[in-house]
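Thanks for coming. I will talk through one protein model, starting inside and ending at the surface.

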Amino acid sequence: MARSGGSWLVEVHDNIDGLEAEWSTLVGQHNATPFQSYGFMHLFIRQLLANGADAPVVALVRSLDRRPVALFVMLRSRQFGLRWLRTDARPIDFCSPVFDSSLAQDDLHDIVQAVLVAIPGVDLLYCNRMPERFEGGLNPFVRLSNAARLRLSAWKIELAGRSAQDLAAARPAKFRANLRRSTKNLAQAHRRDFSLAMGSEINSADIAAFRDLRTTSTEEKGRKDILSQDEWSNIYLSLLNGQGGTCQGWLSKLEADGEPIAYLFGICVGRCIVATLTASKLGPWKHYSPGLQLFSETIEHFRAAGYDCFDLSIGDMDYKRRFGCEEIPLHDALFPKTLAGRAYYLFWRLKVAVRARLKPLAEARVSKDKGAKSA
């Protein structure tokens, strides 16, 4: 179905099958996250349908000359009595509507309105967890008046043009010393080995061992393991088995005397690496910090291989700062369509204003707590 919205043609689909050519033309590292690659989205939508969830709403926007200029992959939901379209969903860590980078800033709002007009039965469009920038520059969508800064951030290490010494120098001296000592102690006490495999090169034995260690380590930490959740685990297993197409899964491993003591899983699209799932042995192995050792080895592996960035994704954990990551602010944006949607939008703007006032206070408290611990 194609509907005209002034200068824009909006096609509304319930899947992305048949859109790979347009996807490849429009989506790249300069304007999208790896989670928005065709390969990852294909697995995600396939899993949604297997779960019996509502089909997604996919809006492909074209200019009047039929050139693809924007992509929205959205899910329907109901909340507070309102009908929502959302661009975020588990297990997508962070996302954003995808726009042709040649568009003018003024075009973005008009395109959003054209999308809302083309989709019936909707009160609001909510875009959440959008990074402030991509590899090629700023995300223009977060500069709209409808966008607001989230408290949560993403964390990334730029690899291009940097040496191993550059990366080490960006880490706090105490952290460097502790990591160096843990690595030395493990190597002295055990035969220490690092390995990494990508896509179809990942063997079934490591997949099984990773899943087992992930289950054990998350239980010991009192956390939930997404790999044990039937509604999402097949996405990760498909990536581990090399079925991601344009999106490759990778799995790195740290061994001691041939025994896996840590795994790290992530995805790769183009020259960008994202780390998403960890698993490491605790108990007597904890003082070796196997998870941190594996992160360090994995980052260096991809740097030496010529990749552009290593993305540690969403979550304000201290170890990301200690690895010298750059903080990437995240944003959300809300677009009302109906009168009821407009009323909620005004409430949301009030919430955004309160959130903006509270953020400096929260940051000051974190800084004060860290100062007290180090004293």
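Take phenylalanine 40 in this predicted model. Which residues does phenylalanine 40 touch, leaving aside those up to four places away in sequence? There are Pro34 and Phe35, then Pro91 and Ile92, and further along the chain Ile235, Leu239, Gly244, Cys247 and Ile267.

Phe40 belongs to the largest nonpolar core, which has 51 residues. Along with Phe44, Phe210 and Phe265, Phe40 is among those with the most contacts inside that core. The biggest contribution to this core comes from helix H2, residues 38–50, which gives seven residues. There is also a second, separate core of 31 residues, and Val61, Leu108, Ala114 and Ala118 are among its members. As background, nonpolar side chains in soluble globular proteins tend to be buried together.

Now the whole chain. The protein has 10 helices and 16 strands. Its radius of gyration is 22 Å, and the globule rule gives 21 Å for 375 residues, so the protein is as compact as a globular protein of that length. Of those 375 residues, 50% are buried. If you take contacts between residues at least 6 apart in sequence, 74% of them join residues at least 24 apart.

Last, the outside. The protein exposes about 17,000 Å², with carbon and sulfur atoms supplying 51% of that. One nonpolar surface patch, about 260 Å², is made by Leu350, Val354 and Leu358. Leucine 358 sits in helix H10, residues 339–374. Is leucine 358 buried or partly exposed? It is partly exposed, at a relative accessible area of 37%.

That is the tour.

Methods: Residues are numbered from 1 along each chain as its sequence is written. This is a predicted model: local features need pLDDT of at least 70, side-chain atom pairs count only at pLDDT 80 or more; totals for chains, interfaces and linings use all residues. Side-chain values use heavy atoms; hydrogens and water are left out. Patches are made of residues with over 30% relative accessible area and no salt bridge: like charges are joined within 9 Å, nonpolar side chains (Val, Leu, Ile, Met, Phe, Trp, Tyr) within 5 Å. Accessible areas come from the Shrake-Rupley method with a 1.4 Å probe; for residues, only the protein chains shown count as cover. A salt bridge is a side-chain nitrogen of Lys or Arg within 4 Å of a carboxyl oxygen of Asp or Glu. Helices (H or I, at least four residues) and strands (E, at least two) are DSSP runs, numbered from the N terminus. Buried means under 20% relative accessible area, exposed over 50%, partly exposed in between (1.4 Å probe, protein chains only). A nonpolar core is a set of buried Ala, Val, Leu, Ile, Met, Phe, Trp, Tyr and Cys residues joined through side-chain atoms within 4.5 Å. Contact means heavy atoms within 4.5 Å. The radius of gyration is taken over C-alpha atoms; the globule rule is 2.2 Å times the number of residues to the power 0.38.
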